[in-house]
Amino acid sequence: MIKIDNINLAIIGLGYVGLPLAIEFGKQRNVIGYDTKNIRVSELNKQVDSNLEISQSEFFEASKLVFTNEINDITECNCFIITVPTPLKEGKKPNLNILKDATKAIAKIIKKNNIVIYESTVYPGVTEEICVPILEKESGLIFNIDFFIGYSPERVNPGDKMRSVSDIVKVTSGSTPSIAKIIDELYSSIVTAGTYMAPSIKVAEAAKVIENTQRAVNIALINELAIIFNELEIDTEEVLLAAGSKWNFLNFRPGLVGGHCIGVDPCYLSHKAEAVGISPEIILASNNTNDNMSNHVVQKIINETAYRNIKIEEADILVMGFTFKENCPDIRNTKVNDIFIKLNKLCNSVDVYDPWVDSQEALNSYNLSLIDKPIKAKYCVILIAVAHDCFKEIGLEGMQKFVKRNYFIYDLKYILPKNNSVIRL
């Protein structure tokens, strides 16, 4: 049986989840970070993180961490933590292809008494019902006799500089009681906030997938309330501030739900529910409400331009922000693109400005050309889609330099004070 002191660790996948984890472990023990992307590994070897999550000083602190894109470099490891993405495919169905590929790759090199730990978000049952059979088939080893598994869901919050991996309680689990303890001890060595050992892998999987499902449902409620209040000509933010004066009111705000977690995880859970004959009405309704917010935003712009005697077909619009959240370069599943596509069919021109985003990535992922900076006195509509700090610094006075005489600013994120020229979600 493997012991904590003898663990030779490899982290598989060096994105928003894997890299911070590898950095924390690399401060204390020998770790090999493995990724199939040559460019990603090359930049990490130069102590550069294009995701802007890890600073050079943090790379320096992780002195026991090395990076590679060669699978042969991790063959001597005996514990593998898989942190690859689990996105959606067409029809909002789970896409487990990347997870399966990573599992097959590791299965070809694992040996007796090795441990494979999964952090990727999945629906309950994936680890044991899909990943384990792959591990057994490709390795020729027997589960819970020759090799063992664990599941410890990632809880990374991209762009959050206040809560690192070590600051967030870690849920852990293992395929046997003794393995569960070893895995819990392993994570306890880097997580100062503490760990929570779940009684089973399925419980740990379910715990993760409902975290963001709960958030999605709450945001959907607030989005629906915002639509109602818009019709009633009541300011949603003012309502939420008033309601928030009660201690137990949940502090959610309306907005676009994208990204790799809140916009994805509910679809994983609903997929599993439907597979066992349950129709998850609240989850499905919430997904529908959140997905339709881009339509609501576009319709609001259409209505407002008409009210202000601005011809929508002649309008030049500036969209500020393209990432799925503030102060983060991540554009995965961003709903701002849905708005851009709809507006681009209606208006004279739509410029998208986001200094956080790599222009080439936006072009490759969405065929969208970002502008380097807004053009003075060009726009009759500004849409603030993301609450980047740099946009707050520009402020109302700065944004007024970008607009024509007859204009309005649609502030989805409440970063500007309300006035006759600023409308809010």
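Strand β11, helix α12 (residues 336-346) and strand β12 together make a right-handed β-α-β unit. The model in which this unit appears is a predicted one, and the unit offers a convenient point of entry into the sheet around it.

That sheet is open and has five strands, arranged in the order β12-β11-β13-β14-β15 with parallel pairing. Its edges are formed by β12 (349-353) and β15 (422-424); each has a single partner strand, so one side of each is left without a neighbour in the sheet. On average, neighbouring strands of this sheet are turned by 20° against each other, direction ignored. Helix α11 (residues 293-307) packs on the sheet and touches β11, β13, β14 (403-411) and β15. The direction of α11 makes about 150° with that of β14.

Strand β11 may now be followed residue by residue. With β12 it pairs in the parallel sense over five bridges, and in this pairing Asp-316 stands opposite Ser-349 in β12. Four bridges join β11 (residues 316-320) to β13 (residues 379-384), and these two strands also run parallel. Here Ile-317 stands opposite Val-381 in β13, while Met-320 stands opposite Ile-384 of that strand.

The side chains of β11 are divided between two directions: Asp-316, Leu-318 and Met-320 point one way, and Ile-317 and Val-319 point the other way. Are these residues buried or exposed? All are buried, whichever way they point. Because five of the five residues of β11 are buried, the strand is largely enclosed by the rest of the structure.

A second open sheet is built from six strands in the order β3-β2-β1-β4-β7-β8, and its pairing is parallel. The edge strands are β3 (65-68) and β8 (147-151), each of which pairs on one side only. From one strand to the next, the twist of this sheet averages 20°. At the β8 edge, five bridges join β7 (residues 114-118) to β8, the two strands running parallel. Within this pairing, the bridge partner of Ile-117 is Gly-150 in β8. Helix α4 (residues 97-107) packs on the sheet, where it touches β1 (9-12), β4 (79-82) and β7. The direction of α4 makes about 170° with that of β4.

The cysteines remain to be considered. A disulfide is a covalent bond between the sulfur atoms of two cysteines. How many disulfides does the model contain? With sulfur atoms required to lie within 2.5 Å of each other, the count comes to zero disulfides. Cys-261 is in no disulfide, since the nearest cysteine sulfur, that of Cys-328, is 11 Å away. The sulfur of Cys-267 has its closest cysteine sulfur in Cys-261, at 12 Å, which is too far for a bond. Both residues are nevertheless enclosed in the sense of accessible area: Cys-261 is buried, with a relative accessible area of 12%, and Cys-267 is buried, with a relative accessible area of 3%.

Note on methods. Residues are numbered from 1 along each chain as its sequence is written. This is a predicted model: local features need pLDDT of at least 70, side-chain atom pairs count only at pLDDT 80 or more; totals for chains, interfaces and linings use all residues. Side-chain values use heavy atoms; hydrogens and water are left out. Two strands pair if DSSP finds at least two bridges between them. Axes are lines fitted to C-alpha atoms, for helices over the stretch in contact, and angles run from 0 to 180 degrees between N-to-C directions. Contact means heavy atoms within 4.5 Å. Buried means under 20% relative accessible area, exposed over 50%, partly exposed in between (1.4 Å probe, protein chains only). A crossover is right-handed if, with the strands pointing away from the viewer, the path from the first strand over the helix to the second runs clockwise.
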